[in-house]
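Student: Please show me the model, and then let us go through its helix packing and its cores.

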Amino acid sequence: MTQTALITGASSGIGLAFAQVLAREGYNLILVARSEDKLNSLKQELASQHSIDAVVLVHDLTQTEQVQQLFEQIKQQSLTVDVLINNAGYGDYGEFADSDWEKLQGMILLNVLALTHLSRLFLPNMIQRGQGQILNVASTAAFQPGPMMGVYFATKAYVLSLSEAIAAETQDTGIQVTCLCPGPTQSNFGQVAGMNKIPAMGKLSNDKFPTAHTVAEYGYQCLKKGKVVAVHGTLNKILTFTPRLMPRKLLRDGIKKIMSGE
């Protein structure tokens with residue numbers, strides 16, 4: 001029986017790449033983002049290439065009521081979500097005291113609240129069926145504090161912690177929870193977040209980073225293998241392990257230097 005995957009933030013970047021990977025694997029798709037034109041174009045492309053069914057649902061998940069509306073739409077259409085990929089999210093660069101509150105609030109609502117609410121809405125039905133998969137996209141930022149991107153790093157630490165907790169709670173229920181932690185990736189995320197302002201990042205060409213497709217492929221394989229924490233790339237694995245060994249002050253000061261160029 002063909003399974004269905006719900007992907008948030010499916011119109012670009014890693015979310016779009018997940019849609020391509022899962023369509024190739026024969027999943028039907030529920031594509032969610034704010035951009036209807038991009039989603040419809042992706043739907044036509046994937047349906048044509050892979051003979052799968054795709055449903056486009058346009059929502060701004062920073063609006064809390066739209067998370068519930070999305071769930072109700074899916075229920076009304078009698079769709080079963082076998083795989084939930086909480087990918088939608090964004091970041092912002094700059095000192096916390098000078099930051100745009102509306103942007104920070106939206107980040108928390110999307111990166112944290114929408115992801116949590118969707119997981120809570122779909123998980124009970126998965127447990128009842130005795131099968132289901134949730135993949136939450138965090139970041140290597142989840143493993144340390146991030147001066148100059150403090151709220152973004154904090155939201156991803158939350159995603160990692162929540163994912164591991166749910167994975168432990170559901171380990172005997174047939175549910176698989178994976179937290180994907182990529183580092184910098186070829187996508188429009190960095191541009192939206194203003195990461196070109198980070199001195200160290202400005203010296204690196206975008207093509208030096210892994211592609212969104214490579215990251216999504218890795219995430220999918222880790223989900224299939226039952227891996228709970230999936231850090232993409234050998235260097236990223238080293239960089240996420242090192243903070244565990246460092247004094248917190250040294251870690252904070254070191255990251256601040258990297259992020260601010262001071």
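**Exposure, packing and cores**

Tutor: Lys249 is exposed, at a relative accessible area of 54% (buried is under 20%, exposed over 50% and partly exposed in between, with a 1.4 Å probe and protein chains only). The model is predicted, so local features need pLDDT of at least 70 and side-chain atom pairs pLDDT 80 or more, while totals for chains, interfaces and linings use all residues. Residues are numbered from 1 along each chain as its sequence is written, and side-chain values use heavy atoms, leaving out hydrogens and water.

Student: In which element is the place of Lys249?

Tutor: Helices (H or I, at least four residues) and strands (E, at least two) are DSSP runs numbered from the N terminus. Lys249 lies 33 Å from Cys222, C-alpha to C-alpha, with their positions 27 residues apart in sequence. The element that holds Lys249 is helix 10.

Student: How are helix 1 and helix 8 oriented to each other?

Tutor: Helix 1 (residues 13-24) packs on helix 8 (residues 212-225) at about 55°, and the axes are 8 Å apart. Axes are lines fitted to C-alpha atoms, for helices over the stretch in contact, with angles from 0 to 180 degrees between N-to-C directions. Angles under 35 degrees count as roughly parallel, over 145 as roughly antiparallel, 65 to 115 as roughly perpendicular and the rest as oblique. Helix 1 and helix 8 are therefore oblique.

Student: How is helix 3 oriented to helix 4?

Tutor: The angle between helix 3 and helix 4 is about 30°, with 10 Å between the axes. That makes the two helices roughly parallel.

Student: How many residues of the contact of helix 3 with helix 4 are nonpolar?

Tutor: Contact means heavy atoms within 4.5 Å. Helix 3 brings residues including Val67, Leu70 and Phe71, which meet residues of helix 4, among them Leu113 and Leu121. The contact has 4 polar residues and no charged ones, and the nonpolar number 10.

Student: Which element gives the most to the largest nonpolar core?

Tutor: A nonpolar core is a set of buried Ala, Val, Leu, Ile, Met, Phe, Trp, Tyr and Cys residues joined through side-chain atoms within 4.5 Å. The largest has 37 residues, and Leu61 and Phe122 are among those that touch the most other members. Elements giving two or more residues include strand 2 (28-33), helix 3 (64-76) and helix 4 (101-129). With 9 residues, the one that gives the most is helix 4.

Conventions. Ala, Val, Leu, Ile, Met, Phe, Trp, Tyr, Cys and Pro count as nonpolar, Asp, Glu, Lys and Arg as charged, and the others, Gly among them, as polar.
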